[in-house]
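Here is a short, friendly walk through one model, written for someone who likes to check the atoms as they read. Have the viewer open as you go.

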Amino acid sequence: MKDAKISTCANPQCGAEFKRLGEGKLFVRRAEKGDKELTQKALWLCAGCAQHFDLRYDRHKQEYVLVTRRRVA
Ligand SMILES: [Zn+2]
C-alpha cells in the first residue's frame, strides 16, 4: 500500500506547500470495499484555505471536492 503523498494545498488556486502536520486541515479517508483504488486518500488544506473551504468526499466521483464553507454570521 502506497503512502498518501501530500505536497500542496488541495485548493488548486492556492498551491501552498505542505510543510508539516499541525498546520491547516488534513483530510484522510480510508479506502472502503468497492473503491476502485485501494490507496488511502489524503488531502490537505492550508490554514488560510481551511478558513474558507472544506473538502467533502463525493461518492460518485470517488474523490474529494472543494466546497465553500458557510460563513458564520
Ligand atoms: Zn491553500
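C14 counts as partly exposed, because its relative accessibility is 35%, a value between the cut-offs of 20% and 50%. Keep in mind that this is a predicted model. C46, in contrast, is buried, with a relative accessible area of 12%, and C9 and C49 are both buried as well.

What do these cysteines coordinate? C9, C14, C46 and C49 each offer their SG atom to the zinc ion, at 2.3 to 2.4 Å. The arrangement is tetrahedral because the four donor atoms subtend angles of 103 to 118° around the zinc ion. Along the sequence, the donor residues follow the spacing C-x4-C-x31-C-x2-C. Distant parts of the chain are linked here: C9 sits in the segment before strand 1 (25-29), while C49 belongs to helix 1, 40 residues apart. As for disulfides, the count is zero.

Three of the zinc donors, C9, C46 and C49, also appear in the largest nonpolar core. This core has 10 residues, and its other members are F27, W44, L45, A50, L55, Y57 and Y64. At least two core residues come from each of strand 2 (41-45), helix 1 (47-50) and strand 3 (53-58).

Stepping back to the whole protein chain, its secondary structure consists of one helix and four strands, arranged β-β-α-β-β from the N terminus on. Some chain-wide values are gathered here.

| Property of the protein chain | Value |
|---|---|
| Buried share of the 73 residues | 23% |
| Share of contacts between residues at least 6 apart in sequence that join residues at least 24 apart | 37% |
| Accessible surface | about 6100 Å² |
| Part of that surface belonging to carbon and sulfur atoms | 47% |

One more residue deserves a look. Is T68 buried or exposed? With a relative accessibility of 63%, T68 counts as exposed, because that value is over 50%. T68 lies in strand 4 (residues 63-68). Apart from neighbours within four places in sequence, T68 has contacts with H52 and F53. Its C-alpha lies 10.0 Å from that of R56, a residue 12 positions away in sequence.

Methods:
Residues numbered from 1 in each chain as written. Predicted model: local features only at pLDDT ≥ 70, side-chain atom pairs only at ≥ 80, totals over all residues. Heavy atoms only, no water. Core = buried A, V, L, I, M, F, W, Y, C linked by side-chain atoms within 4.5 Å. Buried < 20%, exposed > 50% of the residue type's maximum accessible area, 1.4 Å probe, protein only. Donors = N, O, S within 2.8 Å, 3.2 Å for Na, K, Ca; no water. Tetrahedral: all angles 85-135°; square planar, octahedral: opposite > 155°, others 65-115°. Contact = heavy atoms within 4.5 Å. Areas by Shrake-Rupley, 256 points an atom, 1.4 Å probe, with all protein chains shown as cover. Disulfide = S-S within 2.5 Å.
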